[in-house]
Amino acid sequence: MGGGWDVSEEVPRRVVSLSPLVTETIFDLDAGDLLVGTSSWCNKPEEARYKPKVGSYTELNWKKLEELEPDLIISTSGAQMKVYEELRAKGYKVYVADLPTSVYDIFDLFYRIGGVLGRYNEALKLISRMEERFRKAIKAVKYPEFRTYVELSLIHISEPTRLGMISYAVFCL
């Protein structure tokens, strides 16, 4: 679905992210300076913890949001569609990022968010680095005779991973 923002519009300067996935992506694109607010669930990277909080994943503090005067709010599809509709009804410009369902969807997310934020080059560099890490991880896995579940974090290599943190179950053999 990804949409709600015309990339021909001026590049936003004041962005609110309502999703941890989107917030991490914005920082990974070196665009954290554009973030003026996030949801209370956005706590990675460390800098995200200090951004003003506009509510939870599905409930917003409308007064706080209004005070931040965002050019653009980025939400995700799925559970946030009700929030998207409320934001549009109140006149906010909103971009809905599709939730990735594969590793290549993650790369697509980087490219789309990079495009919306005017950071295409950064997005292409990030995608290239992630593809290389993914290829190395695939080569390192020896295919066992039994079923295996492997979860990779392509960005936060030194941290434990959990689903929803730009990490993906890679193999279910």
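The following legends describe close-up views of a predicted protein model.

**View 1. Overall arrangement of helices and strands in the predicted model.** The protein contains five helices and six strands. Along the sequence, these elements follow the pattern β-α-β-α-β-α-β-α-α-β-β. The chain has 173 residues, of which 45% count as buried. Among contacts between residues at least 6 apart in sequence, 48% join residues at least 24 apart. The accessible surface amounts to about 9,400 Å², with 52% of that area belonging to carbon and sulfur atoms.

**View 2. The largest nonpolar core and the elements that supply it.** This core comprises 27 residues, and Ile-26, Ile-74, Ile-113 and Leu-117 have the most contacts inside it. At least two core residues come from each of helix 1 (20-28), strand 3 (72-76), strand 4 (94-97), helix 4 (103-116) and helix 5 (120-140). Helix 4 gives the most, with seven residues. In soluble globular proteins, nonpolar side chains tend to be buried together.

**View 3. Surroundings of Ile-26.** With neighbours within four places in sequence set aside, Ile-26 is in contact with Ile-74, Ile-113 and Leu-117, which are listed together with Ile-26 as the residues with the most contacts inside the largest core. The remaining partners of Ile-26 are Val-15, Ser-17, Ala-31, Gly-32 and Leu-35. Apart from this core lies another, of 14 residues, including Val-16, Leu-68, Val-83 and Leu-87.

**View 4. Val-16 in strand 1.** Val-16 belongs to strand 1, which covers residues 15-17. Its relative accessibility is 0%, so Val-16 counts as buried. Beyond neighbours within four places in sequence, Val-16 is in contact with Leu-35, Val-36 and Gly-37, with Val-54, with Leu-65 and Leu-68, and with Pro-70, Leu-72, Ile-73 and Ile-74. Of these partners, Leu-68 is named with Val-16 among the members of the 14-residue core. The C-alpha atoms of Val-16 and Thr-38 lie 5.4 Å apart, although the two residues are separated by 22 positions in sequence.

**View 5. Thr-38 and Ser-39, at strand 2 and the loop that leads to helix 2.** Thr-38 lies in strand 2, whereas Ser-39 is found in the loop between strand 2 (35-38) and helix 2 (62-68). Thr-38 is buried because its relative accessible area is 0%, under the 20% limit. Ser-39 is likewise buried, with a relative accessible area of 0%. Residues up to four places away in sequence being left out, Thr-38 touches Ser-17, Thr-23, Ala-48, Lys-51, Pro-52, Lys-53 and Val-54. On the corresponding basis, Ser-39 is in contact with Ser-17, Leu-18, Lys-53, Val-54, Gly-55, Ser-56 and Tyr-57. Ser-17, Lys-53 and Val-54 thus appear in both sets of partners.

**View 6. Helix 4 along its length.** The 14 residues of helix 4 should span 20 Å at 1.5 Å a residue, and the end C-alpha atoms are 20 Å apart, which agrees. The buried residues of this helix are Val-103, Ile-106, Phe-107, Leu-109, Phe-110, Ile-113, Gly-114, Gly-115 and Val-116. An α-helix has 3.6 residues a turn, so residues three or four places apart point the same way. Just after helix 4, Gly-118 takes a positive phi of about 70°.

**View 7. A nonpolar surface patch that includes Leu-124.** Tyr-111, Tyr-120 and Leu-124 together make a nonpolar patch of about 280 Å². Leu-124 is located in helix 5. Its relative accessibility is 46%, so Leu-124 counts as partly exposed.

**View 8. Backbone geometry in three loops.** Most residues other than glycine have a negative phi, and most peptide bonds are trans. Asp-30 has a positive phi, near 60°, and lies in the loop between helix 1 and strand 2. With a relative accessible area of 61%, Asp-30 is exposed. Glu-69, in the loop between helix 2 and strand 3, also has a positive phi, of about 50°. Glu-69 is exposed, with a relative accessible area of 58%. A cis peptide bond joins Lys-44 and Pro-45, with omega about -5°. Pro-45 is placed in the loop between strand 2 and helix 2.

How values were computed
Residues are numbered from 1 along each chain as its sequence is written. This is a predicted model: local features need pLDDT of at least 70, side-chain atom pairs count only at pLDDT 80 or more; totals for chains, interfaces and linings use all residues. Side-chain values use heavy atoms; hydrogens and water are left out. A nonpolar core is a set of buried Ala, Val, Leu, Ile, Met, Phe, Trp, Tyr and Cys residues joined through side-chain atoms within 4.5 Å. Buried means under 20% relative accessible area, exposed over 50%, partly exposed in between (1.4 Å probe, protein chains only). Helices (H or I, at least four residues) and strands (E, at least two) are DSSP runs, numbered from the N terminus. Contact means heavy atoms within 4.5 Å. Accessible areas come from the Shrake-Rupley method with a 1.4 Å probe; for residues, only the protein chains shown count as cover. The expected span of a helix is 1.5 Å times one less than its number of residues. Patches are made of residues with over 30% relative accessible area and no salt bridge: like charges are joined within 9 Å, nonpolar side chains (Val, Leu, Ile, Met, Phe, Trp, Tyr) within 5 Å. A salt bridge is a side-chain nitrogen of Lys or Arg within 4 Å of a carboxyl oxygen of Asp or Glu.
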